[in-house]
Amino acid sequence: MLGKLEPAQIEHVLQTEVVGRIGCHADGRTYVVPVTYAYRDGAVYGHTGKGLKVEMMRQNPHVCFEVDHMVDMTNWQSVIAWGDFEELHGQEAERAMVYLMERMAPLATSETAFAHGDAAHALSAEALVYRIRLADKTGRFEERGGKPKLHLAPAL
Ligand SMILES: Cc1cc2nc3c(=O)[nH]c(=O)nc-3n(C[C@H](O)[C@H](O)[C@H](O)COP(=O)(O)OP(=O)(O)OC[C@H]3O[C@@H](n4cnc5c(N)ncnc54)[C@H](O)[C@@H]3O)c2cc1C
């Protein structure tokens, strides 16, 4: 069966996934790019070097953010949300880095993994930390079998 996720289930998907896709649009061009993120209090936090997506989001901060969890073709959950890109500085940026490091730590697999990076580099001139406060969110799921029961992944 196909259905809509309840608000609490939408929050669960956003909290338990770690890779999302930012959709941005500027100068008549649309760009969808995968990023890792941490989700706190209705906002997505991310860390990035400067490049096309930052250029585009500076020009037009209105973005779409998508996350999904797929078990198989007939068992999945997906969330689509909209919000505004904001660059963070000072204490807000440091707090965002803590969120990101806490979120990535369980996924670190090597010395070069992000979670082992230091906050000084993360906040250097070549990199920036951002927030996307999600305003509107929608969720859909497909669940095979009888009574619908979502198998949502536990938080890492
Ligand atoms: C699972 C996953 C997690 C990631 N997490 C992060 C993250 O947290 N932070 C982060 O900054 N980056 C992350 N990346 C890399 C990210 O997708 C971009 O490649 C990177 O951020 C550079 O984006 P940019 O717009 O600055 O590209 P630029 O360096 O400006 O390059 C733009 C050009 O490269 C192409 N390009 C850029 N990225 C990709 C891509 N992923 N696949 C194919 N073509 C591409 C574009 O089409 C465009 O032509 C992640 C990638 C994956 C797959």
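## Strand pairing around β2

Two strands count as paired here if DSSP finds at least two bridges between them. In this predicted model, strand β2 (residues 19–26) meets that condition with strand β3 (residues 29–36): the two run antiparallel and are joined by eight bridges. One pair to look for is cysteine 24, whose bridge partner in β3 is tyrosine 31. The two strands form a hairpin with two residues between them.

β2 also pairs with strand β6 (residues 62–72), again in an antiparallel arrangement, through three bridges. Here isoleucine 22 stands opposite phenylalanine 65 of β6, a residue that comes back below in the core.

## Overall layout

Stepping back, the protein has four helices and eight strands. Read from the N terminus, the order of elements is β-α-β-β-β-β-α-β-β-α-α-β.

Of the 156 residues in the protein, 25% are buried. Taking contacts between residues at least 6 apart in sequence, 72% link residues at least 24 apart.

## The nonpolar core

The largest nonpolar core contains 28 residues, and Val44, Val63, Phe65, Val79 and Ile132 have the most contacts inside it. Strand β8 (residues 127–142) gives the largest share of this core, with five residues.

Phenylalanine 65 is a good place to start exploring. Leaving aside residues up to four places away in sequence, phenylalanine 65 touches Gly20, Ile22, Val44, Ala81, Gly83, Ile132 and Leu134. Two of these contacts, Val44 and Ile132, are themselves listed with Phe65 among the core residues with the most contacts. Ile22 is also familiar, as the residue opposite phenylalanine 65 in the β2 and β6 pairing.

## Helix α2 and its buried side

Which residues of α2 are buried? They are Lys53, Met56 and Met57. These residues lie on the same side of α2, because they cover an arc of only 95° around the axis. The general geometry is helpful here: an α-helix has 3.6 residues a turn, so residues three or four places apart point the same way.

The buried residues of α2 pack against several strands, namely β2, β3, β5, β6 and β7 (75–88). Lys53 has a second role in this description, since Lys53 also appears among the residues around the ligand.

## Around the ligand

The shell around the ligand is made up of Val19, Val33, Pro34, Val35, Thr36, Gly46, His47, Thr48, Gly49, Gly51, Leu52 and Lys53. At least two residues of this shell come from each of β3, β5 (43–49) and α2 (52–59).

In character, the shell has five nonpolar residues, six polar ones and one charged residue.

## Two aspartates with positive phi

Most residues other than glycine have a negative phi, and two aspartates are worth a look on that account. Aspartate 27 has a positive phi of about 50° and sits in the loop between β2 and β3, in the turn of the hairpin described above. Is aspartate 27 buried or exposed? Aspartate 27 counts as exposed, because it has 8 C-beta neighbours inside 10 Å, and a residue with 12 or fewer is classed that way.

The other is aspartate 41, whose phi is also positive, near 45°. Aspartate 41 is in the loop between β4 (38–40) and β5. With 7 other C-beta atoms within 10 Å, aspartate 41 is exposed.

How values were computed:
Residues are numbered from 1 along each chain as its sequence is written. This is a predicted model: local features need pLDDT of at least 70, side-chain atom pairs count only at pLDDT 80 or more; totals for chains, interfaces and linings use all residues. A nonpolar core is a set of buried Ala, Val, Leu, Ile, Met, Phe, Trp, Tyr and Cys residues joined through C-beta atoms within 7 Å. A residue is buried if 20 or more other C-beta atoms lie within 10 Å of its own, exposed if 12 or fewer, and partly exposed in between; C-beta atoms are placed from the backbone. Two residues are in contact if their C-beta atoms, placed from the backbone, lie within 7 Å. A residue is near a molecule or strand if its C-beta atom, placed from the backbone, lies within 6 Å of it. Ala, Val, Leu, Ile, Met, Phe, Trp, Tyr, Cys and Pro count as nonpolar, Asp, Glu, Lys and Arg as charged, and the others, Gly among them, as polar. The arc is that of the directions from the helix axis to the C-beta atoms.
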